[in-house]
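Let's take a walk through this protein together. Have the sequence and the 3D view open side by side.

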Amino acid sequence: MSGKVVGYASRGARYYVVEFQRGDIDGNAVSARLHVDSPAAAVGVLAESEGTVQALIRVPEASGAATAIEGTLYRAVGFGQPGWIAVPFTATVSAKAPRTSDLPNRWAAAFGQERRGSGGPWWMARSSHPWNEFAAGRVWSTVTTKGARPRRGNADGSMDRQRRTDLSALMHTTTAASSMQEALQHDRGLRLRGPSGPATIALAELEGPPLAEHPWASMRAALPKPNGGTPEPLARVAPADFWYVRFDDLRVLLDVLDEAEAWMTPVARVMEARGDVHGLSKRYQAQLGLRRSGLAKTLGHTVVERVSVVGSDPYLREGSDVTFAFELRNQAVFHSELARHMRAYESEVLGIVTSKLTHGSHVITVHRDPAGVVRQHRAQVDDVALVSNSEGAIRAVLDAIDGKRPRLSEEPDFGYMLARDPGAHDGFAFLSDRFIATVVGPEQKILASRRQQALAELLTPGYSALLYGWLEGRAPSDTESLIASGLLDRDELRHRGGAKITFSPGTAARSSWGSPASLTPMIDLPRPTKVTKVEKDAYGAFVRGYQNYWRSFIDPVAIRFDLEETAGTKEAIVDVRVLPLISGTEYSQIAEVVGDERVDVPAIDDGLQMVWAVGAESALRRELDQTASALTGSADIGLGWLGDWVMVGSLDRRAVLDFIVATQDDIQLPRSPSEDERIDRDLELARKIGKLPVYAAAHVRNPTALIVGLTAIRAMVNQVAPGMIQWGEDSKYRDYPIVRIGIDPSAQADVREFADAIALYYVQAEGTIVFALSSKVLEAIIDRIVDGRGPKSGLKAGPQFVVDARFERGRASWTALAWALQGQANRSQASSRAAAEIVLRGDPSVTTSAQLIERSRAYFGSHPVSASGRTDFELLAHGVSDPVHGSEAAPAFPELPVAGSPIEALMQRMVRFQASVAFDEEPAQMNPPARSLHTRVRLRLGE
């Protein structure tokens with residue numbers, strides 16, 4: 001295909017406009033991507049209008065004037081999972097091409113739109129990445145005519161929107177949310193520093209949420225055994241305002257860490273639709289000077305009695321303090337093993353230096369390299385060995401041991417929660433009132449928001465280096481050449497507060513705030529004493545929102561963990577109690593439904609099942625009753641018959657997979673049906689739905705009311721659709737009549753073909769009504785109910801909501817779960833590919849997976865992974881691809897689950913899952929009554 005050069009400009013680089021007639025390409029297709037083969041290092045973006053498609057192309061000055069432009073347009077056809085066509089093009093550059101003075105501005109605006117994903121249809125929007133916002137803004141501020149600074153939301157391609165860099169939004173974040181960095185990088189790209197002002201207001205003037213504490217003493221006195229509870233000896237070394245985790249056996253802790261690294265963390269990443277890895281396990285191991293490999297064998301139960309881990313804040317992803325306390329049985333073996341670990345790190349990390357600090361009567365031994373990769377702090381107090389990555393944290397722990405700082409063991413909420421649920425457990429974790437109050441308090445919130453802004457400043461040099469590579473086709477040779485290009489300002493090598501940032505292309509930017517991959521723990525940063533008015537107002541907004549959400553009380557959280565093994569099968573049991581119940585959440589909505597009712601739910605041996613208790617006083621019951629009566633005009637149609645529970649579920653049948661194949665395009669190769677197939681698609685879908693092994697059931701309190709209600713519904717249906725619906729007994733099973741509701745075979749032609757495709761069946765048996773789409777499924781549930789394996793009401797102290805799933809490897813439910821997880825993982829592919837493309841185009845010297853990981857972690861603080869957990873991305877003309885899943889334009893659909901992927905690791909373990917929720921009233925007489933959220937999860941890890 002030939003194009004015509006219709007414009008030319010030169011301003012620090014050469015710009016060309018190549019125009020194509022839309023009809024010459026494909027009038028029904030949508031341009032999605034432009035790749036320029038020649039001149040080398042050219043960057044092309046698309047600008048489409050009604051009759052034409054224009055390619056705006058920037059050629060670096062070093063490449064010289066172009067005589068011809070060659071490349072490929074990649075066009076998308078269709079929606080959802082579009083098909084793609086490649087349209088090669090060539091255009092000769094004529095000396096007569098008109099000069100277009102605003103061409104650099106147009107190119108910069110189109111580049112910004114493309115980076116933000118706002119230049120095409122909604123279904124092809126690019127995944128957001130903070131670098132895209134930075135690149136769009138920095139190109140605009142660098143390329144356009146000086147003084148052409150746009151209002152936010154116009155010429156530079158960004159949309160009008162409320163300023164998301166507002167500090168009040170930062171106050172609400174507890175992680176380095178990509179969306180917040182995206183907003184901050186928009187300002188960094190446009191060289192805007194954001195709101196500041198002098199810090200003249202004393203931090204002490206800021207008031208945290210005015211939340212009361214529970215009357216712990218009276219609550220504990222009301223317990224059956226006020227002084228009960230299994231002791232937690234290592235709580236005496238934990239500061240009261242730190243989070244606390246304890247394991248009785250080091251081997252159990254390492255098992256948990258192994259499981260987390262194998263699949264828990266990767267699957268959590270999939271659920272968050274994040275395509276990046278922060279390498280937290282490796283990072284904290286290096287900082288602590290510890291290695292998991294061989295640790296359990298060397299430091300078994302004969303060396304370490306028990307171990308606890310504590311920290312002062314929840315920001316583990318960005319960078320936090322972590323302190324281990326080992327209660328020792330054999331000090332000599334322990335210290336010898338730790339020395340061996342440090343020698344291994346000294347052979348890998350340059351510049352590790354040993355020094356000593358004193359804190360009171362204690363000596364702290366420090367092993368640290370200049371970059372802080374290793375930052376081990378060690379101390380010994382009697383039989384407890386402390387290992388920390390933070391000077392501030394280990395000093396706080398030593399103060400707690402010496403009684404100079406409140407200890408967790410002496411906190412009233414801690415004592416209450418131990419006595420509330422007595423019993424020994426393999427692991428125990430606790431978030432105290434003091435810890436939560438500290439996290440939401442002004443000091444930590446102000447410092448956390450400042451650290452987020454410091455992170456944006458640390459990211460700027462690396463972002464600039466990558467943008468240089470995009471525009472010039474090569475990485476910058478040094479920092480000075482990057483500054484000379486105008487893509488990095490010299491003053492951007494200092495933080496707003498004046499702290500110096502050191503940076504060299506190819507390495508991470510570093511300062512006293514840390515690096516993008518690991519920020520300095522907040523406990524080791526100078527404490528803020530003065531704040532700006534902007535910070536004060538932002539914190540005030542946070543406090544108001546927090547108080548409205550949590551209502552009255554700060555809540556402690558207790559988590560108990562056990563790992564059981566029987567005949568080679570492991571089960572993990574996690575028990576969580578949160579006090580009080582949080583107002584305004586989904587939990588409180590569930591609590592309103594279940595009321596005080598409890599259920600006993602026997603374990604199932606087939607499929608998935610969810611059971612809710614339904615309290616007699618449930619507000620939802622009343623609302624549904626009123627709504628049904630109002631909509632139908634019949635007082636007989638309602639829920640007056642409903643008993644103590646409702647249940648929904650699915651059996652483990654092949655029909656589940658058939659339905660997924662017919663409806664989901666992100667887990668298998670999409671079909672291209674013919675016209676005849678499209679006509680029959682509704683009927684085929686109805687057949688697939690009609691075979692689904694799903695069911696719903698409910699306890700019947702008043703059979704007469706149910707019969708009256710069903711009769712009223714039947715009469716209404718016959719009135720609304722006379723002659724259309726057939727409603728009557730279909731068969732019997734175990735002497736229980738099964739009723740079918742479906743389209744009458746004698747109905748009009750356009751609907752009667754659906755008569756055999758889909759119908760609803762129901763049965764009343766043993767005080768229960770059951771609905772299903774298949775009579776065979778109904779028979780299976782009848783067996784379950786009649787044989788006493790169904791839910792039962794009235795169990796004292798039992799759960800109120802239960803989920804139970806049974807998976808058999810290779811069967812339908814197991815495969816459906818694997819497909820669902822892989823489908824979710826596939827939806828994170830866009831962000832992974834975007835991050836990989838940014839690095840691979842920004843630094844062409846990156847050619848291996850190891851280099852991609854290293855450069856990504858230096859510039860982003862994390863590295864991208866594919867939906868299968870791989871890093872072997874490749875940059876092709878049509879985009880980033882990986883060997884398993886392909887690219888956006890050429891996707892591949894491998895057999896699921898993918899071998900070696902985190903999802904496969906999960907599916908190898910996942911054969912049984914049970915979870916329950918209860919809302920328990922606390923024993924003490926309080927007004928309003930105190931309630932706690934009690935959840936329990938049992939996960940069988942393989943068979």
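Which residue in β5 is the bridge partner of Gly-44? Ile-57 is the one to look for. This is a predicted model, by the way, so keep an eye on the confidence as we go.

That bridge belongs to a longer stretch of pairing: β4 and β5 (residues 52–60) run antiparallel to each other, joined over six bridges. Zoom out a little and you'll see an open sheet of four strands, ordered β1-β2-β5-β4, with antiparallel pairing. At the edges you find β1 (4–10) and β4 (43–48); each has just a single partner strand, so one side of each has no neighbour in the sheet. From one strand to the next, the twist averages 20°. Helix α14, covering residues 442–472, packs on this sheet and touches both β4 and β5. The direction of α14 makes about 110° with that of β5.

Now hop over to Glu-492, in the loop that links α15 (479–484) with β18 (514–515). Is Glu-492 buried or exposed? Its relative accessibility is 3%, which means it counts as buried. Setting aside neighbours within four places in sequence, Glu-492 is in contact with three arginines, Arg-138, Arg-188 and Arg-193, and also with Thr-460, Pro-461 and Ile-501.

How far can you trust the picture? The mean pLDDT is 86, and 87% of the residues reach 70 or more. Over residues 147–155, though, the pLDDT is below 50, even if the model gives this stretch 21 contacts beyond near neighbours in sequence. Residues 159–164 also stay under 50, with 16 contacts beyond four places in sequence. Where pLDDT is low, don't read the predicted coordinates in detail.

Technical notes
Residues numbered from 1 in each chain as written. Predicted model: local features only at pLDDT ≥ 70, side-chain atom pairs only at ≥ 80, totals over all residues. Heavy atoms only, no water. Helix = DSSP H or I, 4+ residues; strand = E, 2+ residues; numbered from the N terminus. Buried < 20%, exposed > 50% of the residue type's maximum accessible area, 1.4 Å probe, protein only. Contact = heavy atoms within 4.5 Å. pLDDT = per-residue confidence, 0-100. Pairing = 2+ DSSP bridges. Axes fitted to C-alpha atoms, helices over the stretch in contact; angles between N-to-C directions.
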